[in-house]
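The following exercises ask the reader to work through the architecture of a protein chain step by step. Each task is followed by a worked solution.

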Amino acid sequence: MENHTGAGVKPGRRRFVEGLLGGGLFASAVSFLYPVLRYIVPPTVADLGGDEVVAAKLGEMKPNSSKIFRFGSHPGLLLLTADGEYRAMSATCTHLSCTVQYRNDLHQVWCACHNGLYDLGGRNLSGPPPRPLEAFQVHLRGDEVVVSRKREA
Ligand code: FES
């Protein structure tokens, strides 16, 4: 007869149950730790981009609006100002890397994470951002709005 202390349980059965419990605990620990480790050590992201990208088609955007485009492995922000001038810059906030957005009510670039503000040239105006956003060049090629990295002089 078996009792609750396990004294009457056969050793083979006990080892099997202990193995199941140990395996379950191990699987639980791995399922908890894996996402934590992936967060702490993010995968390396290759910058797939070249030095220019077609960010929009001519006529696609209305004045005083913006769109996020992909520039390599990072987001870029393309603006069409109320005056009809294209501007482009990195959309990665220089504070803690949130994605910024154009505020057409303020005519400024805004980071929602900590209320950082930039002007239309990407210069940091207020809030915690320590540096300007990287500014890009914009030119038209046919009906394409092409954004390119500024070259060092
Ligand atoms: S991440 Fe943009 S203001 Fe903090």
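**Exercise 1. The strand β3 and its partners**

In β4, Tyr86 is the bridge partner of Leu80. Starting from this pair in the predicted model, describe how β3 is joined to β4 and to β2, and state how far β3 is covered.

Solution.

Step 1. The pairing of β3 with β4 is antiparallel and extends over 5 bridges. The two strands form a hairpin with 5 residues between them, and Gly84 in the turn has a positive phi of about 85°.

Step 2. Strand β2 (residues 65-71) runs antiparallel to β3, and 7 bridges join the two. One position in this pairing is Ile68, which stands opposite Leu77 in β3. The hairpin of β2 and β3 has 2 residues between the strands, and Gly72 takes a positive phi near 65° there.

Step 3. Of the 7 residues in β3, 5 are buried, and the strand is thus mostly covered.

**Exercise 2. The two sheets**

Give the strand order of each open sheet and identify the strands at the edges.

Solution.

Step 1. Begin with the inventory: the protein chain contains 1 helix and 10 strands. Along the sequence, the elements follow the pattern α-β-β-β-β-β-β-β-β-β-β.

Step 2. An open sheet of 6 strands is arranged in the order β1-β10-β9-β4-β3-β2, and its pairing is antiparallel. At its edges stand β1 and β2; each has a single partner strand, so one side of each is left without a neighbour in the sheet. With direction ignored, neighbouring strands of this sheet are turned by 30° against each other on average.

Step 3. At the β1 edge, the pairing of β1 with β10 is antiparallel and covers 5 bridges. Within this pairing, Glu52 stands opposite Ser148 in β10.

Step 4. Another open sheet consists of 4 strands in the order β5-β6-β7-β8, again with antiparallel pairing. Its edge strands are β5 and β8 (124-126), each of which pairs on one side only. The twist from one strand to the next averages 40°.

Step 5. Strand β7 (residues 116-118) is joined to β8 in the antiparallel sense over 2 bridges. Leu117 stands opposite Ser126 in β8.

**Exercise 3. The nonpolar core**

Which residues of the largest nonpolar core touch the most other members, and which strands supply the core?

Solution.

Step 1. The core comprises 21 residues, of which Ala55, Leu77, Leu78, Ala88, Val100 and Val147 touch the most other members.

Step 2. At least two residues of this core come from each of β1 (52-57), β3 (74-80), β4 (86-90), β6 and β10 (144-149). The largest share, 4 residues, is supplied by β3.

Step 3. Val100 may serve as a case to examine. Apart from its neighbours within four places in sequence, Val100 is in contact with Leu77, Ala91, Cys93, Val109, Trp110, Cys111, Tyr118 and Leu133.

Step 4. As general background, nonpolar side chains tend to be buried together in soluble globular proteins.

**Exercise 4. The surroundings of His107**

Is His107 buried, partly exposed or exposed? Locate this residue and list its contacts beyond near neighbours in sequence.

Solution.

Step 1. His107 lies in the loop between β5 (101-103) and β6 (108-111).

Step 2. His107 has 13 C-beta neighbours inside 10 Å and therefore counts as partly exposed. The cut-offs are 20 or more for buried and 12 or fewer for exposed.

Step 3. If neighbours within four places in sequence are left aside, His107 is in contact with Ala82 and Leu120. The C-alpha atoms of His107 and Ser65 are separated by 9.3 Å, while these residues are 42 apart along the chain.

**Exercise 5. Confidence and overall packing**

What is the mean pLDDT of the protein chain, and where does the pLDDT fall below 50?

Solution.

Step 1. The mean pLDDT is 86, and 83% of the residues of the protein chain reach 70 or more.

Step 2. Over residues 44-48 the pLDDT is below 50; this stretch has 6 contacts in the model beyond near neighbours in sequence.

Step 3. For the protein chain of 153 residues, 19% count as buried. Among its contacts between residues at least 6 apart in sequence, 36% join residues at least 24 apart.

Conventions
Residues numbered from 1 in each chain as written. Predicted model: local features only at pLDDT ≥ 70, side-chain atom pairs only at ≥ 80, totals over all residues. Contact = placed C-beta atoms within 7 Å. Core = buried A, V, L, I, M, F, W, Y, C linked by C-beta atoms within 7 Å. Pairing = 2+ DSSP bridges. pLDDT = per-residue confidence, 0-100. Axes fitted to C-alpha atoms, helices over the stretch in contact; angles between N-to-C directions.
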